[in-house]
Amino acid sequence: MATTPKINLPLIDSSMTADIPRDMNALANAIDAVVETTTGAKTKVDQALASAKAYVDADLKEAPAVPINLKMGMQVIDAKETSLVNITGLKGRTLVNLLGRDGNCEDMSKWSLIGTTVLDTANKTCGMNGFKSTVTNGTYADIWRTVAYDKNKYYIALADIKNGNALKMRLRMNDNVAVKEIMSRDVTETSQFTTAWVRIEPNAFTGTNPVYLSIVTAGGNGSYGYVDAIRLYEIPKMEYEALTSMADSQIAAKYPYVDSLQNVANPYVIGYGENLLPPFMEWIPSGNLTQYSALAPYEASTVTTGDFQALISPQIPAVKGQTYTLSIESRAGRMVVGQYDKAGNVIDYPVAEAQNGQGAFSATFTVADNVSHLVVQLSNYGAGTFIFKKPILTLGSTSKPFVLRQDSILALTTELASNVDGSIADELFTKDGLYWKLSKYKKITLDGSRDWKFNAVKSGFKQVRLEGNQKASGSPVIQYATKYDGKALKYDGNVTEGDSFNVTSTNDVIYMGISNADSGWGDSYAPTDAEVKAYMNGWKMFSVGGPATSEYTGTGTKGWVKIPVKTKSNLVLGTEYVTDISVTTLYSDFPYTPYQIQYLLATPIVEPVQHEGKLLLNKGWNQIVCGGGIEVREKANPVYWPLGNHWVFNNIHPSLIAGRFNYKTNKIYTVYANNKADSSFVMLNNDPNSNGIEDGYIDDSKYKKDGTYHVTYTRLENVVPFLAIAGEIAANLRGTVDDLVNETQALDTRLSVVERMKAEKDSKGTWIMPTLLNGWEPYDVYSGYVAAYKKVPNTNLVTITATLKNGSTAYGSTLWNMPVGYRPKYIVSGTAVTRNVGVTAVSALAVEVYTDGRVLLGMSTAAIQNGAIEFSLVYEAEQ
């Protein structure tokens, strides 16, 4: 029988004999079979309403945010919804290495030695060198020194040690008079450095006898080992007691080596995208693969002549014990994943196809305990052409659809300090979408740009003072200061000796004691204020004709030599010393680090914190890394390398050193050209000439010669780990939407404020400092000798003033680029004067402003000098 299409009611056709009871009953039964009863309908409606209510309650009602706690290093966070992370708190932390900078193992003269000790450039963990210690007395070798010790305090001493062929090596602290020793475990590892440590409790030593810190190498003659990164920190009781429950690796991470005094600086949080694999442009070929190409960001082709000729991913940080899934939409080849330790040694291959595969692929694996990072290989068996398309590496055991990698980053530019136990600390917080710091400490670099005054002549030293500072706390008194060599200065309320200091709580003055031996000021000589500033810039006074170590007593000719002072006589004027105090500025080309001071303020202040980016979590599992020492958009000055025909960043080769970054690099994240990420940058890892771990270059054909380059990277050294970042994420969809609305509103407010401030500045003719090119830099920022330009209010006249130094003197070199609105209709030319550092050579030259905005060096009367260049221009900008 035919039926209706929807609920199958019977249909009667012309060939059938009608039977009314039968047919009506059949119709009634068919309807009854598909129509819900009143009770059943109500039940289903109730179920639907309950489901809708549950959805509204779970996802659309207001719910408190979910707190999260981010620790230093790699971790995994589970987010119920895709959401922004709001940072709610971060406290400061300070590490004070009581060895100053002596533990960086760059200068053997800072240590007493038994056996033979030499600098070793190949075996090190920080700086340029480590120490290699060799036994020569048939029993042991020793590297030792006395250390500051207070019997009422807790300490931890650490050193990075690598055994060569010795019986054993140890870190030791001892008091020879009491004949008491506290020793680390025996270090026997020969393949890599490990951190040895000892903890010191109160009254461990008498406190009346010298306390020694040493690294001992035991064995017969010729036994040797290596040491680097020696540090000694005061710690609170709570941290002392926690050490016994921590692994050596955790202790090394919590107490890394730092020079002198360092705070938590420039913290950051990076959220890796759902796909942990970067585009193929960032992958590199194995040594035996010569023909390959990236057909698209996630599509690559390799042409091979034999087995295992692979395209290799960058290192992918891994979380120990975490499960990952590697998938690919299509491949004609072999998929491989390698697990590596921190030293770069392969541990195993949890994914390694036994033969070439075709089409889609997926494999799941769990990371081993000693794994630092993963590397994915697009490999092969045999010769041929192999195509790989849309790979994805994700957290968890489920294969996910392909997505592009989209990382998010929050980078903060600030320092956060604390006292030893962390009870009084700077604090980061957010308000109205902005980041702020409650500053309880003040840190000052004490160079000669500040208004130093001579204060008093004392026996063996001079008192100097610096006024106009923020008042220090009188109770508690927390003050630290370090000398140019990293040595900790003594806090002394009356400053009764050299190498002592005080920040007053009753007024705004910093007092310091400077020994005559350091300054070169004779015992009865009273230096001028300018001479105090010269010393704070790293120049020692001496008597010309005498050795550099001599003191000036008030007669004869004054001279100045750079600190650290070379112990020699017959110095050469201009190259080894100067007699003109005006040139005793703070130079970046000699190893002088200015004095620093940090103290607890009498009254905390709130300061804005610069930041870039927002941290975004995807729904589900997210891999997060937290760290410190990020430098955001630092001005880069790449240098041309003719042998490779490319422009090099961050290399310390003598011909390229002008392009090094301000700090040694751990990882370079982004290079920007004219404020846009530049994918043509080629990164190099562990290049022997790198200023740190990474450097790189851009081919000349892709380099923007009139462009401005910046770089974001993380520092390799002097990074103090924070303890935790407090944050929160949305609990449901409503929270995610609310966060986005609030963030948009805050962003709109900030943008309108910026636009209004810009309009006000434009109307007032505010001075603008340009981005300098080709190595040129301001002559003296603190004294106002810079490059700047502005429009004369209510006119179209542009005025330029500039005093620069240290740049390229080649004809046609660009000093900087003027923006649109400040460029002339025709080329404008003016006159500049240049001189060398010693003012023994002076020349005049033309400075020209081109219609495309370039400000460049023109013709000169003699060789152009870069000790200083000075000029001023006024011209009419194009209408």
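Buried means under 20% relative accessible area, exposed over 50%, and partly exposed in between, with a 1.4 Å probe and protein chains only. The model is predicted: local features need pLDDT of at least 70, side-chain atom pairs count only at pLDDT 80 or more, and totals for chains, interfaces and linings use all residues. Residues are numbered from 1 along each chain as its sequence is written, and side-chain values use heavy atoms, with hydrogens and water left out.

**Exercise 1. Backbone outliers**

Task: Place N718 and N675, then state the sign of phi and the exposure class for each.

Solution.
- Start with the general rule: most residues other than glycine have a negative phi, and most peptide bonds are trans.
- N718 lies in the loop between β50 (709–715) and β51 (725–729). Strands here are DSSP runs of E, at least two residues, numbered from the N terminus.
- Phi of N718 is positive, near 60 degrees, and the residue is not a glycine.
- N718 has 18% relative accessibility, so it counts as buried.
- N675 sits in the loop between β46 (665–673) and β47 (676–677). Its phi is also positive, about 70 degrees.
- N675 reaches 57% relative accessibility and therefore counts as exposed.

**Exercise 2. Peptide bonds**

Task: Find which bond joins S475 and P476, cis or trans, and do likewise for I563 to P564.

Solution.
- The bond joining S475 and P476 is cis, with omega about 0 degrees. P476 is in the loop between β33 (461–466) and β34 (479–482).
- From I563 to P564 the bond is cis, with omega near 5 degrees. P564 belongs to the loop between β39 (558–562) and β40 (595–612).

**Exercise 3. A buried arginine**

Task: Describe what surrounds R93.

Solution.
- Locate R93: the loop between β4 (86–91) and β5 (94–96).
- Check charge. R93 is buried and has no salt bridge; E239, the nearest side chain of opposite charge, is 4.5 Å away. A salt bridge needs a side-chain nitrogen of Lys or Arg within 4 Å of a carboxyl oxygen of Asp or Glu.
- Check polar atoms. A polar atom of the R93 side chain lies 3.0 Å from the backbone oxygen of P721.
- List contacts (heavy atoms within 4.5 Å). Beyond four places in sequence, the partners of R93 include K254, Y255, L416, V720, P721 and L723.

**Exercise 4. L797**

Task: Give the element and exposure class of L797.

Solution.
- L797 is in strand β54 (residues 797–805).
- Its relative accessible area is 35%, so L797 is partly exposed.

Technical notes: Helix = DSSP H or I, 4+ residues; strand = E, 2+ residues; numbered from the N terminus. Lys, Arg positive; Asp, Glu negative; His and termini not counted. Polar contact = N/O pair within 3.5 Å; in protein donor to acceptor, adjacent residues only side chain to side chain.
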